[in-house]
Amino acid sequence: MKEMNQTTLRRLISVGLLAILIALFTAMVGAGSGKFLNAENLMAIVRDASVPGIIGVGVTYVIITSGIDLSTGSMIALVGMVMANVYAYTLLPIPVMILTGILAGLLCGFFNGFIVAKLEIPEFIGTLATMSVFRALAYIIAIKDANGVIMSQPMNVSQYAFLGSTIGGSSKGIPYVCVALVIFVVVGQIVLRYTRFGTNLYAVGANKKAATLSGINVERIRMMAFVITGFCTAVGAVFTTARLQSATTALGTDFEFSPIAAAVVGGVALSGGSGDVVGTLIGALFMATLENGVRKLDMNTAYQYVIKGVIIICVVMFDAVYKKRMDRIAKEKGAKEGLE
Amino acid sequence: MAENNVILEAKGIYKSFSGVSVLQDVHFSVDRGEVHALMGENGAGKSTLIKIITGVYSKDQGQIYWEGKPVEINNYQDCQKLGVACIYQELSVIPPLTVAQNVFLGREPRKAGKIIDYKKMNQMTQELIDKYEFPLKPTTVVDNLGIGQRQLIEILKGLSQNSKLLIMDEPTASLSGKEAEMLFKIINTLRKQGVSIIYISHRLEEVYMLSDRLTILRDGKNAALLEKHEIIPAKVIETMIGKVVDESSGSKKMLQSKGGDVRLDVRGLTDKTDRFRNISFQVHKGEILGFGGLIGAGRTELVRAIYGIDKPISGEVYLDGEKMVNPSPKKSIDMGIGFVPEDRRNHGFIPLLSTTKNVALTNYDILKKNGLAVSDKDELDMSKRAIQAIDIRPSDPDKQVGVMSGGNQQKVVLGKWLMRDLRLLIVDEPTAGIDVGAKDEIYSILEDLASKGVAVIVVTSDLQELLRVSHRILVMRKGDIVKEFKNEVVTQSMVLSAGQGVTEDKEAAE
């Protein structure tokens, strides 16, 4: 009999988790307008999942190479603040301001990649350090009043703020950020599955030595994953500031956690070499659904962090146990059936 | 044989490591479409020779010829370019990718826009699979495959790069019987297609069955080059060990059983993954029991299970008549069992810590406490006693164990067990990579322990050592105990023959 392969099973589990959560909240909160299950609320969930999902594309790449990037939250604040400076102190057009922000993100990603891949500083500690550096830089360049007190910079010109709203501008329309999410996920998945770069990401994550022996430039692949994360994070920052119509130093405080959480729930194993962008999208939707449902239930929002944490522990535990089981099955299969 | 039929030739290869000569004037040549086996005892220089051919080591002297032309191989890429592929024992396949993705990793065929042409790639893989008759499908994800099939992917990968010579180092070591049979079939197909293979193995029956010629190395020199009809088990074993068989060299010994009551009683122990099955034996007080056999015969797995690291699927272990329930290393230590693991550096000690701390680590339960903290003085005292007992020179208790010589490191590992009231000590490959002087000292330590009534189990692949220390010898082969030697004269050939599964014939015992 054909056995189900690990990736397929893992996908079913994350989709199943999302379905169960939706069913649960529908039962607890109910369907219909103002309740949980209605078009408007579902769209709100997708919108909330969008920024973590977009950043998640890059984070997925990094985790597939068995790395981690903890600095994305601080990067959002820094990118937002760079754009705020351009907005406040120059007369440059909005598209140039956005490009400057994206460039800042690329630089941050490049810096992460450089210290991790070139200087061989462990990912966890390296990006923990840049997480602190990026946030500090955001404070340093923040817009201040005459007394040196940081103030939030409003960025409410309609040429920019429209990115934070919906196509057509009505509250029932499709938010631009959701369109961006779809584009990022589709392109991200194609690159991962259908290009050498994508295959190389898996190879680097699963077995660096084997990758090197196959002529893959491991250093370059790892670097690229971080640069792409920088790009995705910058795009996330653009949509976040456009929606808030302002930039503050506190931007993205929860965003080092949520893309990683989305990836992990979606089946991107922290040990590297498995998972994909679609999985991360499912994970991001799961997290957004959880937040939304907890809010609708009028529960203390602090609970959602407890639930998130517990779910992540369970999922990682499942992955570890499952991997062990698969390794054992591979061995036993060899012992019992030979090669048939 | 005609000159142009030789694909690889190594002439007059010399290599030494820090003054110690490892290869001396070694000649080795492989013909097109030939399976050429390479044998020799541990340390005979097989892997050094292969590492020189694959560019991992540089040679001191000599020349390598590829298809008759002199070549320089400075790294693995060089040798890949020539058409040599090495099938590593530690597999380097990428589990989340498919068979085809693994085979063409880094060389995927692409369509316009840099998109991988999966159709073409799967088709190319299928062609290779058909040509060499591999039992694989291009689109299977490697995750779902057994170890044997993963190995075949490595071979396929080599073939996809038009390799003309495959080097297989102990390819059957981690394969089951059926997987190995499949591999042999494929090796035969490859030979018919003109692919040459260097086959390194300790298993005589495989070499006997597969190879066209056999080169035997001994002490870094060519000992023999045998044609297929000359490959006779007894002769091969004799050549590997060396013909000079006299008692002083430790190749022959009169075994004498020693010891009192039964200390350890193992009944029907069977491994989960079938690496050993239905093993029963006893060890007596004051006895040194040696375990012989080939690498991969299941000896290490067996002693790990007795010590409580791995859980066996069935069977019982009794220590002094008391049944061990739910064994674990902690319980074993509490019951007076010591364990010196095979992989000294990774499992035996903590390299960054001092002798004192390493000795203390296993013995915190018996060290005196000042309130909750361990008494530094007592810790140091114990370390000094250990250093004295095992004679570590220079005797610096604060020295990091990681920077000591192999011999001293092993002494520290032994020393920490000597501080306890041991009933049974298990040592796995106690002197691997240790110089001769220190070896003797380690043997005396083991003998001392035995004379004090401790039961000792020694697992070793070094035949000389096995004969030197054992009072009784059990030989394992493919997970079974196949032979017991006691109260009789035993030679290295007899042990080796038993481990190889060569039918007992008396001339080998001469």
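# Reading a predicted two-chain model

Visitor: Is B:Asn326 buried or exposed, and how many C-beta neighbours does B:Asn326 have inside 10 Å?

Guide: B:Asn326 counts as exposed because it has 7 C-beta neighbours inside 10 Å. The general scale calls a residue buried if 20 or more other C-beta atoms lie within 10 Å of its own, exposed if 12 or fewer, and partly exposed in between, with the C-beta atoms placed from the backbone. Bear in mind that this is a predicted model, in which local features need pLDDT of at least 70 and side-chain atom pairs count only at pLDDT 80 or more, while totals for chains, interfaces and linings use all residues. Residues are numbered from 1 along each chain as its sequence is written, chains are lettered from A, and ligands are numbered from 1, in the order in which they are written.

Visitor: Where is B:Asn326 placed, and what is its phi?

Guide: Most residues other than glycine have a negative phi. B:Asn326, by contrast, has a positive phi, near 45°, and is placed in the loop between β16 (322-323) and α10 (329-334) of chain B; helices (H or I, at least four residues) and strands (E, at least two) are DSSP runs, numbered from the N terminus. B:Lys478 also has a positive phi, near 50°, and sits in the loop between β22 (472-477) and β23 (480-485) of chain B. B:Lys478 counts as partly exposed because 19 C-beta neighbours lie inside 10 Å.

Visitor: Which residues is B:Leu424 in contact with, leaving aside its neighbours within four places in sequence?

Guide: Two residues are in contact if their C-beta atoms, placed from the backbone, lie within 7 Å. Once neighbours within four places in sequence are left aside, B:Leu424 touches B:Arg263, B:Leu264, B:Val283, B:Leu319, B:Gly336, B:Ile337, B:Val454 and B:Ala455. B:Leu424 belongs to strand β20 (residues 424-428) of chain B and is buried, with 23 other C-beta atoms within 10 Å. From B:Leu424 to B:Ala450 the separation is 26 residues in sequence and 9.3 Å in space, C-alpha to C-alpha.

Visitor: What does the same reading give for A:Ala138?

Guide: A:Ala138 lies in helix α5 (residues 123-140) of chain A and is buried, since 26 other C-beta atoms are within 10 Å. Beyond four places in sequence, A:Ala138 is in contact with A:Ser74, A:Ala77, A:Leu78, A:Met81 and A:Thr249. A:Leu119 is 19 residues from A:Ala138 in sequence and 25 Å from A:Ala138 in space, C-alpha to C-alpha.

Visitor: At what angle do helices α13 and α14 of chain B pack?

Guide: Two packed helices are described by the angle between their axes and the distance between the axes. Helix α13 (residues 376-390) and helix α14 (residues 406-418) of chain B pack at about 115°, with axes 9 Å apart, where axes are lines fitted to C-alpha atoms over the stretch in contact and angles run from 0 to 180 degrees between N-to-C directions. The residues that meet are B:Ala386, B:Ala389 and B:Ile390 from α13(B), and B:Lys411, B:Leu414, B:Gly415, B:Lys416 and B:Leu418 from α14(B). By class, five residues of this contact are nonpolar, one is polar and two are charged, where Ala, Val, Leu, Ile, Met, Phe, Trp, Tyr, Cys and Pro count as nonpolar, Asp, Glu, Lys and Arg as charged, and the others, Gly among them, as polar.

Visitor: How many residues does each chain bring to the contact between chains?

Guide: Chain A brings 30 residues and chain B brings 31 residues. On the side of chain A that touches chain B, α1 (6-29), α8 (196-206), α9 (208-213) and α13 (302-337) of chain A each supply at least two residues, and α13(A) gives the most, with seven.

Visitor: What is the radius of gyration of chain A and of chain B?

Guide: The radius of gyration is taken over C-alpha atoms, and the globule rule is 2.2 Å times the number of residues to the power 0.38. Chain A, with 13 helices and two strands, has 21 Å, close to the 20 Å that the rule gives for 340 residues, so chain A is as compact as a globular protein of that length. Chain B comes to 17 helices and 24 strands, and its 25 Å agrees with the value near 24 Å for a compact globule of 510 residues. Buried residues make up 46% of chain A, and 46% of the residues of chain B count as buried.
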